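Here are my notes on the model you sent over. Have the structure open while you read, and take the points one by one.

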Amino acid sequence: MQLPAKERATFPAIKHWGLALALLTLTACSNEFSDIPDEELADKAYACRTTTEQSPGFAITCDNYKRECERRREAGKYVC
């Protein structure tokens, strides 16, 4: 099934706006995690490593903690 010509013309623009929104959301999330104190980040990262059954939302949050730990490690702060 093919989209009508008018919808085909607008679909790429919608796709680009969706990509921009996704990147903006990821940027906002990384700023949120960079404000967490070192001790709290270490505690949360430990909880993520020791929890075996994770819901999808918890797994995503744990992935964000892991990325923040890696970012701090690259900056010379070995927190977790």
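Which residues make up the largest nonpolar core? Keep that in mind while we go through the points; please also remember that this is a predicted model.

1. Let's start with the answer. The largest nonpolar core has eight residues, and they are Phe33, Ile36, Leu41, Ala45, Cys48, Cys62, Tyr65 and Cys69. Helix H2 (38–50) and helix H3 are the elements that give two or more residues to this core. As background, nonpolar side chains in soluble globular proteins tend to be buried together.

2. Now step back to the whole chain. You should be able to count three helices and zero strands, which reads as α-α-α along the sequence. Helix H1 covers residues 5–34, helix H2 covers 38–50, and helix H3 covers 56–74.

3. How much of the chain is buried? Buried residues come to 14% of the 80 residues. On the outside, the chain exposes about 6,500 Å², with 61% of that area supplied by carbon and sulfur atoms.

4. A word on contacts across the sequence. Take the contacts between residues at least 6 apart in sequence: 69% of them join residues at least 24 apart. Keep this figure at hand when you get to Phe33 below.

5. Next, the disulfides. The structure holds two of them, and if you count the bonded cysteines along the chain, the pattern is 1-2, 3-4. In case the term is new to you, a disulfide is a covalent bond between the sulfur atoms of two cysteines.

6. One disulfide joins Cys48 to Cys62, with an S to S distance of 2.1 Å. Cys48 sits in helix H2 and Cys62 in helix H3, so this pair ties together parts that are 14 residues apart in sequence. The link of Cys48 and Cys62 is left-handed, with -85° about the S-S bond. Are its two ends buried or exposed? Cys48 counts as buried because its relative accessibility is 10%, under the 20% cut-off. Cys62 is buried too, with a relative accessible area of 10%.

7. Stay with Cys48 for a moment and look around it. Leaving aside neighbours within four places in sequence, Cys48 is in contact with Gln54, Phe58, Cys62 and Tyr65. Two of these, Cys62 and Tyr65, are also listed in the core. Asp63 is 15 residues from Cys48 in sequence, and their C-alpha atoms are 8.7 Å apart in space.

8. The other disulfide joins Cys69 to Cys80, with S to S at 1.7 Å. The torsion about the S-S bond is about -110°, so the disulfide of Cys69 and Cys80 is left-handed. This pair links distant parts of the chain, with Cys69 in helix H3 and Cys80 in the segment after H3, 11 residues apart. Cys69 counts as buried because its relative accessibility is 6%. Cys80 is partly exposed, at 26% relative accessible area.

9. How many aromatic pairs does a search of the whole structure find? The search finds one. The ring centres of Phe33 and Tyr65 are 5.2 Å apart and the ring planes meet at 85°, so the pair is edge-to-face; the cut-off for that label is over 60 degrees. Phe33 belongs to helix H1 and Tyr65 to helix H3, and the two are 32 residues apart. Both partners are buried: Phe33 has 8% relative accessibility, and Tyr65 has 10%.

10. Phe33 is worth a second look. Apart from neighbours within four places in sequence, Phe33 is in contact with Thr61, Asn64, Tyr65, Glu68 and Arg72. One of these, Tyr65, is the ring partner from the previous point.

11. Finally, a polar residue. Asn64 lies in helix H3 and is among the contacts of Phe33. Is Asn64 buried or exposed? Asn64 is buried, because its relative accessible area is 15%, and buried means under 20%. The side chain of Asn64 also makes a polar contact of 3.0 Å with the side chain of Arg67.

Technical notes
Residues numbered from 1 in each chain as written. Predicted model: local features only at pLDDT ≥ 70, side-chain atom pairs only at ≥ 80, totals over all residues. Heavy atoms only, no water. Helix = DSSP H or I, 4+ residues; strand = E, 2+ residues; numbered from the N terminus. Buried < 20%, exposed > 50% of the residue type's maximum accessible area, 1.4 Å probe, protein only. Polar contact = N/O pair within 3.5 Å; in protein donor to acceptor, adjacent residues only side chain to side chain. Contact = heavy atoms within 4.5 Å. Areas by Shrake-Rupley, 256 points an atom, 1.4 Å probe, with all protein chains shown as cover. Core = buried A, V, L, I, M, F, W, Y, C linked by side-chain atoms within 4.5 Å. Disulfide = S-S within 2.5 Å. Phe/Tyr/Trp six-rings, centres within 6.5 Å; stacked < 30°, edge-to-face > 60°.
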